Amino acid sequence: MELLGLSLAMVGLFVGFGLLIGVLFGFFGMGGSFLVTPALLVMGYPTRVAVGSGLAFVFGTSVIATLKHRDLGQVDYKLGLLMIVGTTAGIEVGKEIVVHLESLGLAGSIISVTYVFLLGGIGAFVTYEAVNGDGGDGIDHDTAEEPADADDIPDIAKTIQSYRVPPMIDLRGGVTVSLWMILGVAFATGLLSGFLGVGGGFIRMPALFYLIGVPVPIAVGTDLFEIVFSGGLGSFLYALDGGVDLSIVVPLLAGSAFGARIGSAATSIVDEGEIKVYFGLMLLGGALAVAIREIGKIYELPILNRVSLVLILGSALLVSGAVVYSSITALREENQTASPTVE
Amino acid sequence: MIEAGSLSASVDGAILIGAVLLEAIALYGVYGVVEDVLGQRVVNRLRTT
């Protein structure tokens with residue numbers, strides 16, 4: 001029996017894969033493009049279809065996750081629109097750098113090395129912070145409306161917030177930052193996004209928290225809001241050339257819509273500190289996977305491509321499992337605190 | 001001057017992305033109803049098991 005031109009087993013596989021990614025997307029506001037596209041490539045889809053369908057899936061998932069975060073009051077539209085302006089300019093400059101490097105025949109190697117070091121660097125930093133930070137207390141995910149606790153704001157963000165170059169912009173979570181600092185951070189993340197050819201959630205979400213000092217839930221919600229626009233435009237451009245395959249996107253989205261609900265709801269239950277270490281490890285796993293894939297390309301070893309995919313999927317499974325497990329544990333602890341057993 | 005071919009491709013692309021958007025909104029609504037009906041029950045079950 002076939003559905004959407006795919007066997008039921010394939011449809012089930014896509015729905016399950018979508019569920020996994022949806023949990024990560026809903027919780028962290030990232031994890032779509034760098035998981036879906038490599039998986040589709042390994043499954044034998046042409047690059048154009050893998051990238052285009054991956055982007056369309058990211059677009060659909062970000063719409064769902066943004067709606068959910070909006071319901072939780074975790075989207076800062078003003079910050080999101082400012083970030084779109086700065087990011088768009090950065091992407092254009094990033095693309096120009098790629099074109100220049102291509103003319104020199106250096107684009108592929110430089111981009112791959114940058115990607116590995118950036119992903120690995122952010123992963124190592126986040127993991128280090130989680131392990132050696134402030135005792136692992138993390139940031140309360142319920143702080144969307146309340147002013148951020150000064151102790152929870154990273155030092156770099158405090159420095160950036162101290163540059164009071166007008167106009168100053170009031171953001172949700174009681175954060176006040178110069179417009180130019182926001183545009184500067186947005187431009188820098190857009191530059192990397194355009195240079196590396198990725199959606200940029202793994203760069204932007206930590207940047208919003210570590211550089212601007214926005215509380216984590218608002219950073220996630222606002223990042224997702226921005227992905228709606230970047231993903232929508234990107235998938236439209238690929239759709240013009242027939243690069244979007246609905247038989248891939250529809251089942252993936254059916255799974256991720258459910259997963260995104262779980263992930264978004266988990267942000268109100270789980271402390272970020274508990275999960276941050278897994279997030280860092282997932283990024284490290286992603287960096288290692290890209291490095292292995294590149295080594296496979298250089299030495300023409302297709303098996304390394306599969307190893308790379310297994311590593312990416314394994315990291316994603318581990319982290320989404322940790323989100324679900326931590327949520328259930330938190331719910332049970334909450335229940336035990338509320339009603340202590342009397343014997 | 002806009003060529004008919006490119007206009008047609010743009011319309012097809014927009015329809016495709018519109019379909020993804022509609023599916024996303026529909027799924028959000030349907031799963032929202034499911035969550036409203038079953039969500040609290042599932043949470044209570046998870047708390048106590």
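## Working through a predicted model

At 59% relative accessibility, A:Tyr299 counts as exposed. Keep in mind that this is a predicted model. Let's use that tyrosine as the way in and then move along the chain.

### Exercise 1: The loop between α11 and α12

Task: find where A:Tyr299 sits and which nonpolar patch holds A:Tyr299.

Solution.
- Start with the address: A:Tyr299 belongs to the loop between α11 and α12 of chain A.
- Next, check the exposure call. Exposed means over 50% relative accessible area, and A:Tyr299 has 59%.
- Now the patch. A:Tyr299 joins A:Ile295, A:Ile298, A:Leu301, A:Ile303 and A:Val307 in a nonpolar surface patch, with about 600 Å² of accessible area together.
- Which elements give two or more residues to this patch? They are α11 (272-298) and α12 (302-338) of chain A.
- Last, look at A:Glu300, found in that loop between α11 and α12 too. A:Glu300 isn't a glycine, but its phi is positive, at about 55°. With 68% relative accessibility, A:Glu300 is exposed.

### Exercise 2: A salt bridge along α11

Task: describe how A:Glu294 and A:Lys297 meet, and say whether each one is buried or exposed.

Solution.
- The two side chains form a salt bridge, 3.3 Å from N to O.
- Both residues lie in helix α11 of chain A, three residues apart, or about one turn of the helix.
- For the accessibility step, buried means under 20% relative accessible area. A:Glu294 has 18%, so that residue is buried.
- A:Lys297 comes out at 55% and is exposed.

### Exercise 3: Two residues of α12

Task: place A:Ser327 and A:Leu311, then list what they touch, leaving out residues up to four places away in sequence.

Solution.
- A:Ser327 is in helix α12 of chain A, and it is buried at 9% relative accessible area.
- A:Ser327 touches A:Ala266, A:Ile269 and A:Val270.
- A:Leu311 is in helix α12 of chain A as well. With 26% relative accessibility, A:Leu311 is partly exposed.
- A:Leu311 touches A:Gly285, A:Leu288, A:Ala289 and A:Ile292.
- How far apart are A:Leu311 and A:Gly44? They are 267 residues apart in sequence and 18 Å apart in space, C-alpha to C-alpha.

### Exercise 4: Tying α8 to other helices

Task: work out which helices are tied together by A:Tyr210 and by A:Arg204.

Solution.
- Take the rings first. A:Phe125 and A:Tyr210 make an edge-to-face aromatic pair, 5.0 Å centre to centre with 65° between the planes.
- A:Phe125 lies in helix α5 (residues 107-132) and A:Tyr210 in helix α8 (residues 201-212), so the pair ties together parts that are 85 residues apart in sequence.
- A:Phe125 is partly exposed at 36% relative accessible area, whereas A:Tyr210 is buried at 8%.
- A:Tyr210 has another partner: A:Phe209 pairs with A:Tyr210 edge-to-face, 4.7 Å centre to centre and 65° between the planes. A:Phe209 is buried at 6% relative accessibility.
- Now the charges. A:Arg204 forms a salt bridge with A:Asp223, with the closest N and O atoms 2.9 Å apart.
- A:Arg204 lies in helix α8 and A:Asp223 in helix α9 (residues 216-240), so this pair ties together parts that are 19 residues apart in sequence.
- A:Arg204 is buried at 1% relative accessibility, and A:Asp223 is buried at 0%.
- Add A:Glu226 and you have a network of salt bridges linking A:Arg204, A:Asp223 and A:Glu226.

### Exercise 5: Crossing to chain B

Task: pick out the residues of chain B that A:Arg261 meets through a salt bridge and over a ring face.

Solution.
- The salt bridge goes to B:Glu35, at 2.5 Å from N to O. That pair crosses between chains, from helix α10 (residues 246-266) of chain A to helix α1 (residues 4-48) of chain B.
- A:Arg261 is buried at 10% relative accessible area, while B:Glu35 is partly exposed at 28%.
- The ring belongs to B:Tyr28: A:Arg261 lies over its face, 4.6 Å from the ring centre.

### Exercise 6: The overall count

Task: sum up the make-up of chain A and the pair counts over all chains.

Solution.
- Chain A has 12 helices and four strands, and 52% of its 343 residues count as buried.
- Over all chains there are five aromatic pairs and five salt bridges.
- Ring pairs also link A:Tyr77, A:Phe225 and A:Phe229 into a cluster.

Methods:
Residues numbered from 1 in each chain as written. Chains lettered and ligands numbered in written order. Predicted model: local features only at pLDDT ≥ 70, side-chain atom pairs only at ≥ 80, totals over all residues. Heavy atoms only, no water. Buried < 20%, exposed > 50% of the residue type's maximum accessible area, 1.4 Å probe, protein only. Phe/Tyr/Trp six-rings, centres within 6.5 Å; stacked < 30°, edge-to-face > 60°. Lys NZ or Arg CZ within 6 Å of the ring centre and 35° of its normal. Patch = residues over 30% accessible without salt bridge, like charges linked within 9 Å, V, L, I, M, F, W, Y side chains within 5 Å. Areas by Shrake-Rupley, 256 points an atom, 1.4 Å probe, with all protein chains shown as cover. Salt bridge = Lys/Arg side-chain N within 4 Å of Asp/Glu carboxyl O. Contact = heavy atoms within 4.5 Å.
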